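Please load the model in the viewer and keep the selection panel at hand. The stops below are to be visited in order.

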Amino acid sequence: MKGLSWFVARRYLASRKKGAFVSLITLIAVGGVVVGVAALITVIAVMTGLQRDLQSKIVGMNPHVYIFEQGSGGFRMPVWRPVADTARQAPGVVAVKPFVMTQVAVFVPGADYAQPGTVWGLDPSEGPALVDLEDEIRAGELDFGPTATGYPPMLMGRRLAEKMNIFPGDTVVIASMENVPTGPTGDIVPVFRRFEVTDRFDTGMYEYDSGYMYVPLDAAQELLDLGQGVSGVGVTVDDPWRADETATWIQDRLPFPYYTNDWVMLNSALFSALKLEKIAMAVILFLIVVVAAFNIISTLIMVVADKTREIGILKSMGMDDRTVLRIFMQQGLAIGVVGTALGTGLGLLLTWLLDTYEFIELPGDVYFVDTLPVALDPLDLLLIVGLSIVVAFVATIHPARQASRMVPVEAIRHE
């Protein structure tokens with residue numbers, strides 16, 4: 001009887017002149033599932049891609065763990081070598097290096113305006129790389145000196161350089177916002193230093209490309225008059241997602257006044273907002289699939305009304321209620337499976353096009369990235385496909401039960 005139920009269900013799904021209108025409604029129901037599944041797959045892939053892209057850029061441009069000293073008048077660590085020695089003993093540590101980080105104003109000599117930015121002082125010449133930029137410097141992809149003018153070299157973000165019309169070889173002036181001395185008359189006298197821009201870097205993330213600058217560690221120390229001191233110690237680990245464990249390990253072994261932060265904690269607000277937005281978009285777009293399920297219900301109700309006499313004849317010939325129930329469940333489930341399969345194919349095609357051609361550009365100052373990133377998680381795909389089929393199956397229950405409860409005599413007499 002299982003084969004018979006599927007045979008009848010296929011006959012009811014097939015297009016015939018007498019049931020042309022019902023077949024049209026069936027196609028509309030399939031189309032609703034296709035659109036819902038495709039939209040859900042595409043949007044979830046975009047949200048996942050945005051989250052992963054931001055994570056990779058943050059991980060690549062920053063240490064995974066920061067070690068700072070409290071009560072030192074800002075980011076100041078006069079004695080950092082014992083701290084670095086302790087950090088190197090932590091499990092999974094790849095690189096431990098001191099760094100200098102400070103807020104500055106940068107302007108071109110002769111210009112009447114300045115731009116704010118962040119200067120990082122790093123030493124890419126020794127030991128494993130703390131950030132990805134050091135690997136690019138060592139590979140020769142970025143020029144980090146020596147300079148023709150004799151001034152310290154500087155790597156500047158592409159967007160900041162374009163905004164100020166700065167090219168490699170140009171000289172810029174940096175005004176420090178920290179450790180500002182006071183003149184004989186009590187006036188604040190900013191500290192100015194000249195640097196030569198040797199190259200521009202492009203991460204694809206607006207925040208870094210429009211405000212970050214990298215200079216040698218000793219030049220940054222001289223700018224802030226730190227001597228041999230630094231702003232803090234950075235730590236890179238082999239598994240960035242376990243950086244919190246490394247930070248806790250180091251914190252437990254460092255005395256006061258030292259404290260640690262990890263990259264996940266520092267960016268938790270951003271990642272929480274992205275996760276919440278992904279969930280909200282998934283719920284909203286899943287409503288399209290629910291609407292398509294209502295189309296399946298209406299389609300099956302119309303099929304039941306159109307085939308009432310035939311159902312009565314089948315039941316009078318000995319077909320039991322369970323077989324009738326199975327006929328209409330298989331019919332609705334076929335609509336859901338076909339629609340889900342086509343929608344999955346369309347969604348995968350759209351994500352491939354977005355990932356390959358990157359034809360959608362975004363304002364970087366709003367979305368942090370310049371192009372629309374795409375990354376489809378297999379678990380997300382399986383969840384979307386599974387829920388779509390489940391919703392389609394649930395939609396078949398009421399019409400199928402209605403058909404199975406028909407009394408043969410009344411169904412045959414139906415006009």
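**First stop: a strand residue.** Select Ser176, which is located in strand E5 (residues 171–176). The model is a predicted one, and in it Ser176 has a relative accessible area of 3%, so this residue counts as buried. Now display what surrounds Ser176: with neighbours within four places in sequence left aside, the contacts of Ser176 are Gln103, Val104, Val191, Leu223 and Leu224.

**Second stop: the largest nonpolar core.** Select Ile67, Met154, Met156, Met213 and Tyr214; these are the residues with the most contacts inside the largest nonpolar core, which has 67 residues. Which element gives the most to this core? Strand E2 does, with six residues. As a general remark, nonpolar side chains in soluble globular proteins tend to be buried together.

Centre the view on Met154 next. Beyond the neighbours within four places in sequence, Met154 is in contact with Val172, Ile174, Phe195, Glu196, Val197, Thr198, Asp199, Met213, Tyr214 and Val215. A second core, separate from the one just visited, comprises 20 residues, including Val37, Val289, Ala292 and Ala293.

**Third stop: helix H14.** Select Ile384, a residue of helix H14 (residues 378–404). Is Ile384 buried or exposed? Its relative accessible area is 6%, and Ile384 is therefore classed as buried. With neighbours within four places in sequence set aside, Ile384 is in contact with Val37, Leu40, Ile41 and Ile44; of the residues named here, Val37 also belongs to the second core. Then draw a distance from the C-alpha of Ile384 to that of Val289: the separation is 9.9 Å in space, while the two residues are 95 apart in sequence.

**Fourth stop: the largest pocket.** Select Pro98, Asp123, Ser125, Glu126 and Leu217. The largest pocket has a volume of about 440 Å³, and the five selected residues are the closest to its centre among the 22 that line it. Colour the secondary structure elements around it: helix H3 (81–88), strand E2 (93–107), helix H4 (132–138) and helix H7 (217–224) each contribute at least two lining residues. E2 gives the most to this lining, with four residues. Colouring by residue class will show eleven nonpolar, four polar and seven charged residues in the lining of the largest pocket.

**Fifth stop: the enclosed spaces.** How many cavities of 30 Å³ or more does a search of the whole structure find? The search finds two. For the second largest cavity, with a volume of about 40 Å³, select Leu122, Pro124, Leu133, Glu134, Ile137, Phe144, Tyr214 and Val215, which form its lining. H4 and strand E7 (212–216) each supply at least two of these lining residues, and H4 gives the most, with three. By class, the lining of the second largest cavity has seven nonpolar residues, no polar residue and one charged residue. Tyr214 and Val215, both in this lining, were also met among the contacts of Met154.

**Final stop: helix H11.** Select Thr308, Ile311, Gly312 and Lys315, the buried residues of helix H11 (residues 308–316). Look along the helix axis: these residues cover an arc of only 100° around it, and therefore lie on the same side of H11. Finally, move to Gly318, just after H11, where phi is positive at about 115°.

Definitions and conventions. Residues are numbered from 1 along each chain as its sequence is written. This is a predicted model: local features need pLDDT of at least 70, side-chain atom pairs count only at pLDDT 80 or more; totals for chains, interfaces and linings use all residues. Side-chain values use heavy atoms; hydrogens and water are left out. On a 1 Å grid over the protein atoms alone, a cavity is a set of points where a 1.4 Å probe fits but cannot get out, and a pocket is an open set with protein on both sides within 12 Å along at least five of seven lines; lining residues have an atom within 4 Å of a point. Grid points are joined across faces, edges and corners, and a volume is the space filled by probe spheres set on the points. Ala, Val, Leu, Ile, Met, Phe, Trp, Tyr, Cys and Pro count as nonpolar, Asp, Glu, Lys and Arg as charged, and the others, Gly among them, as polar. Buried means under 20% relative accessible area, exposed over 50%, partly exposed in between (1.4 Å probe, protein chains only). The arc is that of the directions from the helix axis to the C-beta atoms. A nonpolar core is a set of buried Ala, Val, Leu, Ile, Met, Phe, Trp, Tyr and Cys residues joined through side-chain atoms within 4.5 Å. Contact means heavy atoms within 4.5 Å.
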